[in-house]
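Hi,

Here is the structure I promised to pass on. Have a look at it first, and then read on for what I found in it.

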Amino acid sequence: MSRVLLVIGGGVAAYKSLDLIRRLKERGIAVRCVLTNAAKQFVTPLAAASLSGEKVHDDLFSLTDEAEMGHIELSRWANLVVVAPATADLLAKAANGLANDLASTLLLATDKKTLFAPAMNLRMWLHPATRRNVATLTADGALFVGPNEGEMACGEFGPGRMSEPLEIVAAVEAALKSPTALPLPAATKPKGPLAGRRVVVTAGPTHEPIDPVRYIANRSSGKQGYALAAALAALGGEVTLVSGPTHLPDAHGVTMRRVETARQMLAAVEAAMPADVFVAAAAVADWRVASEGGEKIKKQGGRTPSFALVENPDILATIARRKKARPALVVGFAAETETVIEHARAKLARKGCDLIVANDVSPETGIMGGDRNTVHLVTPDGVEDWPDLDKTEVARRLAAAIAARLAGAGR
Ligand code: CTP
């Protein structure tokens with residue numbers, strides 16, 4: 001599901017932003033709103049909260065918000081930031097990097113693209129200062145929709161009316177089609193043991209369609225793989241995360257590739273090669289139905305349908321057994337419900353990888369979908385047992401172990 005962070009500025013057009021929330025939600029896009037103080041003169045936080053179904057944020061120094069979801073988290077959550085109405089004041093602040101309230105701080109702190117829908121008096125829009133600010137923002141990679149020409153609230157006629165909600169929706173949908181994460185300037189790229197190393201990670205389940213409405217899936221949440229991708233990026237790696245369908249926001253600092261099926265996942269992984277490290281954390285569906293139905297399968301008067309299954313490609317084994325340009329380090333996961341270590345050892349040999357992170361996923365452990373994990377590192381040389389840890393801590397330690405092994409493998 002796409003996620004839009006909507007900054008509502010203080011202008012008469014703010015009432016149209018309430019409709020915009022509704023239109024975005026109708027299209028399955030989640031919306032969280034930030035209101036400037038001026039916006040609250042035109043629309044109420046309660047209206048924005050009711051329409052978005054989410055808490056509205058308006059205070060940079062809210063202790064509860066900072067404890068639960070700081071302003072950085074708010075921008076990480078989003079795929080795209082939309083400013084509507086984008087007042088002359090908000091454009092000026094954004095263009096010049098001012099950060100003296102929640103809205104402007106977010107615009108400075110976000111690592112996502114921003115789409116501005118300007119709305120102001122035509123003289124303000126045509127003023128050289130606003131022209132300069134728009135040019136600066138465009139050069140910085142910001143997107144614009146509108147303004148339209150027409151009669152304005154101030155009684156004048158010209159450019160300055162905010163685009164209609166459906167025009168903004170179309171611009172949002174177009175923006176969401178291309179990557180919305182802003183590349184970090186080279187000088188600010190994190191340095192670390194994985195600097196300059198390319199890493200590909202798979203995560204989440206895969207969905208294997210039976211017909212247009214049904215699919216085979218599993219209980220993987222993707223949490224461990226996403227946390228690992230972010231931890232590898234934090235060590236300076238250039239990480240591509242190929243994810244099956246999950247409810248998680250994009251992992252921080254990584255290039256996301258979202259896919260549905262095992263075959264799409266393999267294709268996306270192959271496309272991201274060559275890499276120094278490949279980590280297969282996805283719970284890939286082992287089988288798919290031999291012939292996917294083009295139409296919804298209907299009940300057949302008591303006769304139950306039967307499906308022939310075929311095995312999906314093994315992504316981990318395919319990459320580990322590459323003849324050309326095999327990643328220097330190939331890491332697999334082994335989700336087992338019994339004799340965990342033995343099965344993991346067998347998998348290590350069978351799939352030809354260098355390291356297996358084994359865990360017990362029996363229902364009583366609560367690991368599948370949960371926040372904690374107990375893992376064992378299985379290599380041809382032995383087994384390392386780790387204590388029960390939070391998945392982010394497992395990810396941090398695994399990323400460090402991967403970096404150390406890669407360094408050991410020689411540059
Ligand atoms: N894996 C993969 N492609 C598949 C199946 C599994 O890349 N089609 C990877 C997983 O990402 C994981 C490892 O292989 O890193 C082991 O996955 P697991 O489900 O534990 O093993 P299976 O291959 O399904 O073997 P088994 O059915 O014997 O448990």
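To start with a question: which strands does helix 13 (residues 340-351) lie across? The answer is strand 16 (329-336), strand 17 (355-360), strand 19 (375-379) and strand 20, and the helix runs at about 145° to strand 16. Please keep in mind throughout that this is a predicted model.

Helix 14 (residues 391-408) packs on the sheet as well, where it touches strand 13, strand 16, strand 17 and strand 19. Its direction makes about 145° with that of strand 16.

Now some bearings on the whole thing. The protein chain has 14 helices and 21 strands, and its C-alpha trace spans about 75 × 65 × 40 Å along the principal axes. Of the 411 residues, 42% are buried. If you take the contacts with a separation of 6 or more, 69% of them come from residues 24 or more positions apart. The chain is divided into two parts, domain 1 (3-177) and domain 2 (186-408). Taken over C-alpha atoms, the centres of domain 1 and domain 2 are 37 Å apart.

Back to the sheet that those two helices brought up. Eight strands make up this open sheet, in the order 12-11-8-13-16-17-19-20, and the pairing is mixed. Strand 12 (255-258) and strand 20 (382-385) are at the edges with a single partner strand each, so one side of each has no neighbour in the sheet. From one strand to the next, the twist averages 15°. If you want to check one pairing by eye, try strand 8 (residues 198-203) and strand 13 (residues 277-280), which pair in the parallel sense over four bridges. You should find valine 199 opposite valine 277 in strand 13.

There is also a ligand to look at. 15 residues surround the ligand, and the closest are Ala280, Val284, Ile315, Leu316 and Gly332. Helix 12 (315-320) and strand 16 are the elements that give two or more residues to the shell around the ligand. Which element gives the most to that shell? Strand 16 does, with four residues. Sorted by class, the shell has nine nonpolar, three polar and three charged residues.

In the loop between helix 12 and strand 16 you will come across lysine 324. Is lysine 324 buried or exposed? Lysine 324 counts as exposed, because its C-beta neighbours inside 10 Å number 6, and the cut-off for exposed is 12 or fewer. Compare its place with that of serine 221: the two are 103 residues apart in sequence and 32 Å apart in space, C-alpha to C-alpha.

A second open sheet has five strands in the order 2-1-3-4-5, with parallel pairing. Its edge strands are strand 2 (30-35) and strand 5 (143-144), and each of these pairs on one side only. Strand 3 (residues 80-86) is a good one to follow here. Strand 3 runs parallel to strand 1 (residues 3-8), and four bridges join the two; valine 7 has valine 83 as its bridge partner in strand 3. Strand 3 also runs parallel to strand 4 (residues 114-118), again joined by four bridges, and alanine 86 stands opposite proline 118 in strand 4.

How many of the residues of strand 3 are buried? Seven of its seven residues are, so the strand is mostly covered by the rule that a buried residue has 20 or more other C-beta atoms within 10 Å of its own. Both faces of strand 3 are covered: on one side Leu80, Val82, Ala84 and Ala86 are buried, and on the other Val81, Val83 and Pro85 are too.

One last stop is a hairpin. Strand 6 (residues 148-151) and strand 7 (residues 157-161) run antiparallel and are joined by four bridges, with glutamate 151 opposite phenylalanine 157 in strand 7. Five residues lie between the strands of this hairpin, and glycine 155 takes a positive phi near 90° there.

That's the tour. Have fun with it!

Technical notes: Residues are numbered from 1 along each chain as its sequence is written. This is a predicted model: local features need pLDDT of at least 70, side-chain atom pairs count only at pLDDT 80 or more; totals for chains, interfaces and linings use all residues. Two strands pair if DSSP finds at least two bridges between them. Axes are lines fitted to C-alpha atoms, for helices over the stretch in contact, and angles run from 0 to 180 degrees between N-to-C directions. Two residues are in contact if their C-beta atoms, placed from the backbone, lie within 7 Å. Domain bounds come from an automatic or database domain assignment. A residue is near a molecule or strand if its C-beta atom, placed from the backbone, lies within 6 Å of it. Ala, Val, Leu, Ile, Met, Phe, Trp, Tyr, Cys and Pro count as nonpolar, Asp, Glu, Lys and Arg as charged, and the others, Gly among them, as polar.
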